[in-house]
Amino acid sequence: MAARLKAGDEVGGFRLGHNLHRGGMAMLWSVTHPDHDPLPMIMKVPIVEYGEGPGAIVGFEVEQMILPRLCGPHVPRFVASADFTDQAFIVMERLDGSSLLPVIDEAPLAPERVATIGAEVATALHDLHRQHVLHLDLKPSNVMRRASGEAVLIDFGLSRHDQLPDLLAEEFHLPLGTAPYIAPEQVLGDRTDPRSDLFALGVMLYLFATGSRPFGNPGGRQLKRRLWRDPHPPRRLNPAVPPWLQEVILACLEAEPGNRPATAAQVALALRHPEQVPLTERAERVRRAGLRTVAGRWFKAIGREPTTAPAVARHLASAPIIMAAVDLAPDQAELADALRLIVRRILAIEPGARLACVNVLRTARLAVEFGEDEQGRSLHVRRLVELKHWARPLGLTDERVTYAVLESPDPADALLTYARQAHVDHIAVGARAASAVRRFLGSTSSRIVAEAPCNVTVVRARAPGEAPWNEPPAEPQAAARAG
Amino acid sequence: MLIAIFSDIHGNREAFEACLDDAARLRADRTVLLGDYVGYGADPAWVVERVRGLVAAGAVALAGNHDRALDRGDEAMNPMAQAAIAWTRMRLEASHRAFLASLPLTAEDGERLYVHATAAAPESWDYVTGAAAAERSMRCTPARITLCGHTHVPALYHMAPDKPAVPFRPVTGIGIPLLKQRRWLGVVGAVGQPRDGDPAAAYALFQAETATLTTMRVPYDVETAARKILAAGLPARLAARLHEGR
């Protein structure tokens, strides 16, 4: 029936315009509807032909179930759908422009551009994971971009919602995904780990940075090779790839999900702050693992069973990003100590948490070139040194902590912007003692409480005369032990 | 149309009242009762009278194995359940027992079949505890959606044409659209004696227009229900298990 549709037909109240695309599984039509003007829309019509398997139907069912539950800028807006009783379709927002597919032809790209695209896609992925959905078919052709810059993920036909039945779980015995991008655990039939999407992101970044695919485009049984054979390090193919980018890409491409970054938010954070990526052996690797290592992995892999990963929400909750907004003013030392005590407690409860220490260097409103001159630079560096000094007693390893000195005339605004961009889950901020000025102007902490996108803990130093804070002496690894 | 579905109340007045209040708060338009109003709990007469009132107001009510055991006995029942049935028999009036005896084993409503245990053989009282049993039940009815109880553990099974049934553990409060292209079997948890480790009373809501099924959990006064069981001289285990949800 889908094949007989033509421009001008009316389907479920929608008027068909142009036929935009005809793929193996679905046709795309531009459509209009008097009630939904002026939103540009497309209709996706599954192609179910005689003698074909159920692939198109199940993929359509999955998308029909998941898309209406998604919201936000990183997914197309759902408009309407109908089942196979009459003519099956899904109508959604139409996104202008093209996918990331043509970007492959430009590869290798400059590292900064790889990082920018990667951070945008990671941000979109984190938003999707927060909504309980794993994409499981991430690839350049499934990423669009809005005019405003946000990446938009499309095609949820292979996706999984961790609070809904997985209609694909036992439908097929073949690995479900796209050969160059599919994660090793997906090859084994495990569809429960959000870090499978990070593997696919790693493949995309590798491709954009080097111009070639890390595992080629294998078929059939060759898919399993990625369980034991690591790719050539990107810097070997393109020496212009900096060590930090190789670090991030190879971390995403780890065969064991547990060795990849814990969340997409952490990948986005790393790609936005290259200077703070802790470099490991991966960053300097010049060749693939030797035959002995590969043989060992192969031996391990043939006995590997899919593990039951924690549900997406639980997984994300176990690796939160905590932001400490540190006031470094000399007269606020007690407040800074009180803040550290609270941060220590939060980190003890959340052993998987990462800490972002942030300080705002207040600039005059019109001093556009602040930071450009030597005085400005040295002040920035001094703040960074002080910030690291503040965090040192927490005894955190480099992978668990990042530092940022923001420059802004409006500290609350700068902190809130950072919290949003870094997908911070919990802000700890000090409140200075009350004063007439603060009552009149409003304090930084109260604005953060009012506007933050996440949890906020407000910390106060005790007034003189009360019992002082009794912080235990510095204990390296205290937080790790507490976990 | 929002349908509230209750199963396995088992004489637990506190749990049943809490679930009825919850469904009323959510403005359910219709009530379906999947059986087992008595056995285990200390308020069988009150529950039967309440069910009789609901049926008079238009509710659909089926019979469960405990309701049928009042008249016919049931050798398959464990000794604790037998003891509870013997105690219950003395607490019910003839009119209560006549009402329970009049209830049917199945009911059809559009694309839905209601049954206490399994559509494969309603009076066998076989349990749908896995995909194979769910598939047997689904293959024995033309209805696209089967809703049953009896196991005291909420579950959902779906089956595409020419495929085996696949199990799913529903998440409380999350509505699941029962998509048209496949068949579904929903096991509604127990109001009066949950056995999945959560002591809160379970029931289900079905939104007919969108074919969306939602598993609900309602905390209730377990202490009072358990105390009454002990005061009635029923086996102490029947009180303890309410606290554990086992």
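How many bridges join strand 11 of chain A to strand 12 of chain A, and do the two run parallel or antiparallel? In this predicted model, 5 bridges link strand 11 (residues 321-325) to strand 12 (residues 354-362) of chain A, and the two strands run parallel.

**The sheet in chain A**

These strands belong to an open sheet of 5 strands in chain A, arranged in the order 13-12-11-14-15 with parallel pairing. Strand 13 (401-408) and strand 15 (455-459) of chain A form the edges, each pairing on one side only. From one strand to the next, the twist averages 20°.

Helix 12 (residues 333-349) of chain A packs on this sheet. The helix touches strand 11, strand 12, strand 14 (426-430) and strand 15 of chain A, and its direction makes about 160° with that of strand 14 of chain A. Together with strand 11 and strand 12 of chain A, helix 12 of chain A makes a right-handed β-α-β unit.

**Strand 11 and its neighbours**

Strand 11 of chain A is also joined to strand 14 of chain A, by 4 bridges, and this pair runs parallel. The table lists residues of strand 11 with their counterparts in the neighbouring strands.

| Residue in strand 11 | Counterpart | Strand of counterpart |
|---|---|---|
| A:Ile322 | A:Leu355 (stands opposite) | strand 12 of chain A |
| A:Ala324 | A:Cys357 (bridge partner) | strand 12 of chain A |
| A:Ala325 | A:Val429 (bridge partner) | strand 14 of chain A |

Are the residues of strand 11 of chain A buried or exposed? The strand is mostly covered, with 5 of its 5 residues buried. A:Ile321, A:Met323 and A:Ala325 point one way from the strand, whereas A:Ile322 and A:Ala324 point the other way. Such a pattern has a general background: side chains in a regular strand alternate between the two faces of the sheet. In strand 11 of chain A, the residues pointing either way are all buried.

**Contact between the chains**

A further feature of the model is the contact between chain A and chain B. Here 14 residues of chain B are in contact with 15 residues of chain A. On the side of chain B that touches chain A, strand 7 (155-159), strand 8 (166-168) and strand 9 (176-177) of chain B each supply at least two residues. What is the make-up of that side of chain B in nonpolar, polar and charged residues? Its residues divide into 10 nonpolar, 2 polar and 2 charged.

Key:
Residues numbered from 1 in each chain as written. Chains lettered and ligands numbered in written order. Predicted model: local features only at pLDDT ≥ 70, side-chain atom pairs only at ≥ 80, totals over all residues. Pairing = 2+ DSSP bridges. Axes fitted to C-alpha atoms, helices over the stretch in contact; angles between N-to-C directions. Contact = placed C-beta atoms within 7 Å. Nonpolar A, V, L, I, M, F, W, Y, C, P; charged D, E, K, R; others polar. Buried ≥ 20, exposed ≤ 12 C-beta atoms within 10 Å, placed from the backbone. Right-handed = clockwise from strand over helix to strand, strands pointing away.
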